[in-house]
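Me: I have a model open and some labels I want to understand. Can we go through them one by one?

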Amino acid sequence: MPAQESAADWPGMLRAATAGHGLHAVYQPIIDVARGVVVGYEALTRFAGYPVRSPEPWFAAAHVHGLNAELQAAALRAAFAHRATLPANCFLTVNIGPEVLDADVVRAVWREQGDLRGVIVELTEHVVIDDWRALEPDLNRLRAAGALLAVDDAGSGYAGLTRLLALRPAMIKLDRALIVDVDHDEAKRALVEMLGTFAGRIDAWLLAEGIERAGELTTLADLGVPLAQGYFLGRPADPWAAVEFEAARTLGTRVRTRPGAGTRDTLRRHLEHPPVVTDAAMAAAAFDDAAVDLVVLCDDQQRPIATLDDRSAPVPVVSPGMRINVDSPVDEAALRAITRTDWAQPVLCTDNAGRYVGVVRMPRLIHAVSTAGDRVTP
């Protein structure tokens, strides 16, 4: 331990920080790789005015001095301080140790926020959790309030894979050790592809964090990783930073050099808006209208979970090609859609926060791709 940390007045510093003195949040952008735009931010804790600035020793000391839950609750409050000004269609990721989920001071923060739609709660396991089932009541309360769950360090070992199976998160963050030099390591690329397949099967987003070079970014983009984060894309900063110029140029170059990219045609241009229900039993009433042949089932966070027609049981979202961002190019969307088992099902289109906005039927999508060349301009 550095001398500065060992000599620190941890009890006094922790009391001050848990009261909010010097503790604040910065926000690191999360990028949609396909479009090169910011779609979310991760809140990260910082300590100003203290001899120790790095967050890691702070949380380690809080654990030693019995103030772990109090410090994490204070960090959560700091993370939510700017939530009201979060850009439209962006999500906010906050970190919490699962070991403090049942603490009253942490539960109080969730109650203060109320509606947690647009919030992703990332479970950072710095303390080994032996029984994830014991956390289910608190995790279910978070989900009921509208929050989504994320896990970090995916690909870092057996424990990480066990967490994925136990939690079935909405977001899976790839471990930094898996990302570094991925453009030079075939084994790492194979593991990223495997985790991408797994994420698709459980309908989760895959996020690569810790990207520091253009080569890493372009390789992950070629592998189909949808979300990215790291110093190359944007450093932690005050609200709300844009994507770094060099990263935007890297992604922009990749878009321009993709076959068919010059059309600039996206799914948004081809949307249809069939009836939406939140309970499959409600679909029957919609089909009373003879013109209705498709109904979309959404959950209470407006995320599409299935399609229904009047001749079959609900078709659930089971593949990443069924739910696609509404601003995705039609050629990319078609390539993803035709890999599905039931490729004829319509594509469910969502906004940056994963909320349903409409459908594009496969015949219309195929027609859009086949006529794209007619709309290319020099």
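Me: What is the hand of the crossing of α13 and α14?
Reply: The crossing of α13 and α14 is left-handed. Keep in mind that this is a predicted model.

Me: What makes α13 oblique to α14?
Reply: Start with the value. Helix α13 (residues 330–337) and helix α14 (residues 362–370) pack at an angle of about 130 degrees. Their axes are 9 Å apart. Now the cut-offs: over 145 counts as roughly antiparallel, and 65 to 115 as roughly perpendicular. The angle of about 130 degrees fits neither range, so α13 is oblique to α14.

Me: Which residues meet there, and of what class are they?
Reply: From α13 come V330, D331, A333, A334 and A337. They meet M362, L365, A368 and V369 in α14. By class, the contact has eight nonpolar, no polar and one charged residues. Asp counts as charged, and D331 is in the α13 group.

Me: Why are α4 and α5 called roughly parallel?
Reply: The axes of α4 and helix α5 (residues 104–113) cross at roughly 20 degrees. Angles under 35 degrees count as roughly parallel. Therefore α4 and α5 are roughly parallel to each other. Their axes come within 8 Å, and the crossing is right-handed.

Me: Which residues of α4 and α5 make the contact?
Reply: On the α4 side they are A69, E70, A73, L76, R77 and F80. On the α5 side they are V105, V106, A108, V109, W110, E112 and Q113. By class, that gives nine nonpolar, one polar and three charged residues.

Me: What makes α2 and α4 oblique?
Reply: Helix α2 (residues 10–18) and helix α4 (residues 68–80) have axes that cross at roughly 40 degrees. Roughly parallel needs an angle under 35 degrees, and roughly perpendicular needs 65 to 115. Roughly 40 degrees falls in neither range, so α2 and α4 are oblique to each other. The axes come within 9 Å.

Me: What is the hand of that crossing, and which residues meet?
Reply: The crossing of α2 and α4 is left-handed. L14, A17 and T18 in α2 meet E70, L71 and A74 in α4. By class, the contact has four nonpolar, one polar and one charged residues.

Me: How do you know that β14 and β15 pair?
Reply: Count the bridges. Pairing takes at least two bridges. Four bridges join strand β14 (residues 347–350) to β15. That meets the cut-off. The two strands run antiparallel. C349 stands opposite G358 in β15.

Me: What makes β13 and β15 edge strands?
Reply: Look at the order first. Three strands form an open sheet in the order β13-β14-β15, and the pairing is mixed. β13 (323–325) and β15 (356–360) each pair on one side only. That is what the edge label refers to. Neighbouring strands of this sheet are turned by 35 degrees against each other on average, direction ignored.

Me: How do you know that β7 pairs with both β6 and β8?
Reply: Use the cut-off of at least two bridges again. Four bridges join strand β6 (residues 171–174) to strand β7 (residues 205–208). Two bridges join β7 to strand β8 (residues 227–228). Both counts reach the cut-off. β6 and β7 run parallel, and β7 and β8 run parallel. K173 has L207 in β7 as its bridge partner. L207 in turn has L227 in β8 as a bridge partner.

Me: Which way does the chain cross from β7 to β8?
Reply: The chain goes through helix α10 (residues 214–222). This β-α-β crossover is right-handed.

Me: What makes N89 and W240 worth pointing out?
Reply: Most residues other than glycine have a negative phi, and most peptide bonds are trans. N89 is not a glycine, yet its phi is positive, about 65 degrees. N89 lies in the loop between α4 and β3 (91–96). The peptide bond from P239 to W240 is cis, with omega near -15 degrees. W240 sits in the loop between β8 and α11 (245–257).

How values were computed:
Residues are numbered from 1 along each chain as its sequence is written. This is a predicted model: local features need pLDDT of at least 70, side-chain atom pairs count only at pLDDT 80 or more; totals for chains, interfaces and linings use all residues. Side-chain values use heavy atoms; hydrogens and water are left out. Axes are lines fitted to C-alpha atoms, for helices over the stretch in contact, and angles run from 0 to 180 degrees between N-to-C directions. A crossover is right-handed if, with the strands pointing away from the viewer, the path from the first strand over the helix to the second runs clockwise. A crossing is left-handed if the near helix is turned anticlockwise from the far one by less than a right angle, and right-handed if clockwise. Contact means heavy atoms within 4.5 Å.
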